[in-house]
Every structure is written in C-alpha cells, then in structure tokens.
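Work through the exercises below with the sequence and the model at hand. Try each task before reading its solution.

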Amino acid sequence: MDANCELCPALPNVLIDQQGKLNDTEVISSIERVRKDPMMAYIMDNMLLHTDIGHYGRLVFVMVSHHFLPPDILVFYLTRDPQVSVQDAHALIGQVNNKDYNPPKREKILEWQTTQNFQMIPQLDDPNFGNVYKTLVFPDSVY
C-alpha cells in the first residue's frame, strides 16, 4: 500500500504520521497481505465505501483477517459498515476468536451469500475468487 494511496485518509489516525504518511509498516504489510486475495480486497474496499456487506460478509472478513490484522484494524474496517457499532465489532471478533473459526472455503461463502444482498463472490465464473486458501498463507494451526 503506497503511503499516498486513496485509502490512506480512511485508515486509523494511529497509522498516519504528521506528514500524512503511513507509519506502521507491520500493519501496512499485513493489510497488503490480506488484500492479495481478490475477494478480501473487494470486501475491504466495500467496507471503506461504507457498504453494508451483510452479516456473512463481516463474518468472512473477521474469520480470514484476524489471522493477519490486529483487533483495532479489524474494528476500524468493521465499523465502516453502517450496520456495525464498535461494540458489535468487538463482539464479532470475540466470537470468532472464542470459537476458533477457520476461514471458510469458497463453497461455504457461496452458500452464505445466497442469504444476503451483498455478494462476497461477485465473479462466480472465476473459481479462484473466494478461494482464500489458494491466495493466502495462514498459520499452521488453520490447516
């Protein structure tokens, strides 16, 4: 993520220095890592646009991203969704952590998205879109 990208103004102030440059290279690197997956980039972009990504969109985001991003960044992204308060975000993160959910497979995401308006996998003809196990490297405990 370039320090002058269009997403920078939307990031938490703690990540921006006095000159408007991103200053936490570890978090920046982690955001970039998650965004390597096209579905996750799509979900994150929509959250930054204040789109209601639905319950399952939020659940998928946390189930995947909590392996890479610190809780405050998860809360930041989740609360861009107009349906989510800070308390809701913390509750969802806690639920995923407490139940030790693994990231969902593409088939499960496709099933879930039939129950809501926001489509996490808008490119149904691309078998790689939504296959987070193909594009991201998770901790060994996930596999």
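Two residues are in contact when heavy atoms of theirs lie within 4.5 Å. Keep in mind that this is a predicted model.

**Exercise 1. Contacts of one residue**

Find which residues F61 touches, not counting residues up to four places away in sequence.

Solution.
- Start with the methionines: M40, M44 and M47 are among the residues that F61 touches.
- Add I43, H66, L69, L74, Y77 and L78, which F61 also touches.
- Now place F61 in the nonpolar core. The largest core has 39 residues, and F61 is one of those that touch the most other members, along with M39, I43, L69 and Y77.
- Ask where the core residues come from. Helices α1, α2, α3, α4, α5 and α6 (106-113) each supply at least two of them.

**Exercise 2. The chain as a whole**

State how many helices and strands the protein chain has, and what share of its residues is buried.

Solution.
- Count the elements: there are 7 helices and 0 strands.
- Read them from the N terminus: the order is α-α-α-α-α-α-α.
- Turn to burial. The chain has 143 residues, and 45% count as buried.
- Turn to the surface. About 7,600 Å² is exposed, with 48% of it supplied by carbon and sulfur atoms.
- Check the contacts between residues at least 6 apart in sequence. Of these, 59% join residues at least 24 apart.

**Exercise 3. Helix α4**

Explain why helix α4 is described as largely enclosed by the rest of the structure.

Solution.
- Recall the cut-off: a residue is buried under 20% relative accessible area.
- Apply it to α4, residues 71-78. Of its 8 residues, 6 are buried, so the helix is largely enclosed.
- Name the buried residues: I73, L74, V75, F76, Y77 and L78.
- Look at two values. F76 has a relative accessible area of 9%, and Y77 has 0%.
- Find the neighbours. The buried residues of α4 pack against α1 (25-35), α2 (38-48), α3 (54-65) and α5 (86-99).
- Compare with A91, which lies in α5. At 48% relative accessibility, A91 counts as partly exposed.
- Relate A91 to α4 through V75: the C-alpha atoms of the two residues are 10.0 Å apart, and the residues are 16 apart in sequence.

**Exercise 4. Two helices in contact**

Describe how α1 and α2 pack.

Solution.
- Begin with the geometry: the angle is about 115°, and the axes are 7 Å apart.
- List the residues in the contact. From α1 come I31, V34 and R35; from α2 come M40, A41, M44 and D45.
- Sort them by type: 5 are nonpolar, none is polar and 2 are charged.

**Exercise 5. Aromatic pairs**

Decide whether the rings of Y56 and W112 are stacked or edge-to-face.

Solution.
- Set the rule: centres must lie within 6.5 Å, planes under 30 degrees apart count as stacked, and planes over 60 as edge-to-face. The count comes to 7 aromatic pairs.
- Test Y56 and W112. Their centres are 4.8 Å apart and their planes are at 15°, so the pair is stacked.
- Locate the two residues. Y56 is in helix α3 and W112 in helix α6, so the pair ties together parts that are 56 residues apart in sequence.
- Check their exposure. Y56, at 24% relative accessibility, is partly exposed; W112, at 14%, is buried.
- Test F76 and Y77 next. With 5.5 Å from centre to centre and 80° between the planes, this pair is edge-to-face.
- Finish with a cluster: Y42, F118 and F129 form one aromatic cluster.

Note on methods
Residues numbered from 1 in each chain as written. Predicted model: local features only at pLDDT ≥ 70, side-chain atom pairs only at ≥ 80, totals over all residues. Heavy atoms only, no water. Buried < 20%, exposed > 50% of the residue type's maximum accessible area, 1.4 Å probe, protein only. Helix = DSSP H or I, 4+ residues; strand = E, 2+ residues; numbered from the N terminus. Core = buried A, V, L, I, M, F, W, Y, C linked by side-chain atoms within 4.5 Å. Axes fitted to C-alpha atoms, helices over the stretch in contact; angles between N-to-C directions. Nonpolar A, V, L, I, M, F, W, Y, C, P; charged D, E, K, R; others polar. Areas by Shrake-Rupley, 256 points an atom, 1.4 Å probe, with all protein chains shown as cover. Phe/Tyr/Trp six-rings, centres within 6.5 Å; stacked < 30°, edge-to-face > 60°.
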